[in-house]
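Here are a few exercises to work through with the model open beside you. Try each task before you read its solution.

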Amino acid sequence: MDRAPGLSVRFKLTLSYAGFLVLAGASVLALWSVLLKLFPHSVMIRATRSGIGGAFAPGRSNTQQAFGQVAAAVLVFLLVFGLVGGWILAGRMLAPLTRITDATRMAADGSLSHRIRLPGRTDEFRELADAFDAMLARLEAHVEEQRRFAANASHELRTPLAVSKALLEVARTDPKRDPGELIDRLHAVNTRAIDLTEALLLVSRAEQRSFTRERVDLSLMAEEATETLLPLAEKHGVTVETSGDITPTAGSPALLLQLTMNLVHNAIVHNLPEKGTVWVTTAVRPKSVLLTVENTGEKLLPQMASTLTEPFRRGTARIHTDHAGVGLGLAIVKTITDAHDGTLTLTPRPGGGLRVAVELPTPTTQE
């Protein structure tokens, strides 16, 4: 939230307390002036008048006593006035802190939708409140994403388990059924469940950043992923072209290889039915390195491309292929990219297909 610059809280408190002292002194002087006008012939006024400005002499004990009484009264007045005024002022000045404390307690109780939204110009308290609101917004989005992810994961895992249970029921109730067919189907279902579990564990590991950073060359990762997936590309009639420069970065070799494998695999599987092409390029920028994977395919709307990194998001053509995956390919890519402090960009190609760019910091930038 943009705010106009304002005075700091410390400066406001300084001005407030100084103002109260000046006001208290002015009040005492005003009271003394009133007393001089209303009671000019009283003993205390005459004695104080004759004693102010003179040296303390043996004959002025009455003057000293009268002045001491006035000074004591003034000190008591200043003490009471300062305590009451300081208490009121501090309460008003620290009222934003009370709102921040209340919001913190609500967040600790699980309510992340509450926002402080302090009005007024920028100072330390309002900067703290804005930072706290931003933190709550990120936490709320993260918790909601985790809940949605857990619900989708539970649904995806329940499907192969339900299918396995149904197949086992068929095998038990129909002994004449070909066991080879049932075993093959159970194997396929079990393989899918294992792949999904491993993908979930990979996402969790990347999110926790529980890995050791090492120097990695993305161009070597691209070559390894291309060679590994070459049989799959030949099966789908897809040509894979790899080019680019040496692209050094820092991170987990295993996770970055998985990222590259997922990108190339997606580009091969979600391509044209025949004579498709995949371009894998690497480039070096002043403070980062870039891995780009492009493919031919159906035209995509920008709105659809922005949702492809969501967990278990599949297009209509994805769930009907023999390499449909578990719906976590690009979600894993995004998680690994975020864990390496990089950026992931998905852009539909004008002629059809998708361009995916992963930008990661160079080792010197991370250090």
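**Exercise 1.** Classify arginine 355 by its relative accessibility, then find which residues its salt bridge network joins.

*Solution.* Step 1: arginine 355 has 29% relative accessibility, so it counts as partly exposed (buried means under 20% relative accessible area, exposed over 50%, partly exposed in between, with a 1.4 Å probe and protein chains only). Step 2: look for a salt bridge (a side-chain nitrogen of Lys or Arg within 4 Å of a carboxyl oxygen of Asp or Glu). Arginine 355 forms one with glutamate 294, with the closest N and O atoms 3.8 Å apart. This pair links distant parts of the chain, since glutamate 294 is in strand E5 and arginine 355 in strand E7, 61 residues apart. Step 3: glutamate 294 also meets arginine 349 in a salt bridge (3.2 Å, N to O). Arginine 349 sits in the loop between strand E6 (343-348) and strand E7 (354-361), so its pairing with glutamate 294 of E5 (residues 288-295) ties together parts that are 55 residues apart in sequence. Step 4: through shared partners, Glu294, Arg349 and Arg355 form one network.

A note on the source: this is a predicted model, in which local features need pLDDT of at least 70 and side-chain atom pairs count only at pLDDT 80 or more, while totals for chains, interfaces and linings use all residues. Residues are numbered from 1 along each chain as its sequence is written, and side-chain values use heavy atoms, leaving out hydrogens and water.

**Exercise 2.** Work out whether the salt bridge partners arginine 126 and aspartate 123 are buried or exposed.

*Solution.* Step 1: their side chains meet at 2.6 Å, N to O. Step 2: arginine 126 has a relative accessible area of 16%, so it is buried. Step 3: aspartate 123, at 5%, counts as buried too.

**Exercise 3.** Check the span of helix H4 and find where its buried residues lie.

*Solution.* Step 1: helices (H or I, at least four residues) and strands (E, at least two) are DSSP runs, numbered from the N terminus. Step 2: the expected span is 1.5 Å times one less than the number of residues. For the 14 residues of H4 (residues 95-108) this gives 20 Å, which agrees with the 20 Å between its end C-alpha atoms. Step 3: the buried residues of H4 are Pro96, Ile100, Ala103 and Ala107. They cover an arc of only 60 degrees around the axis, so they lie on the same side of H4 (the arc is that of the directions from the helix axis to the C-beta atoms). Step 4: exposed Arg105 and Ala108 are on the face turned away from that buried side.
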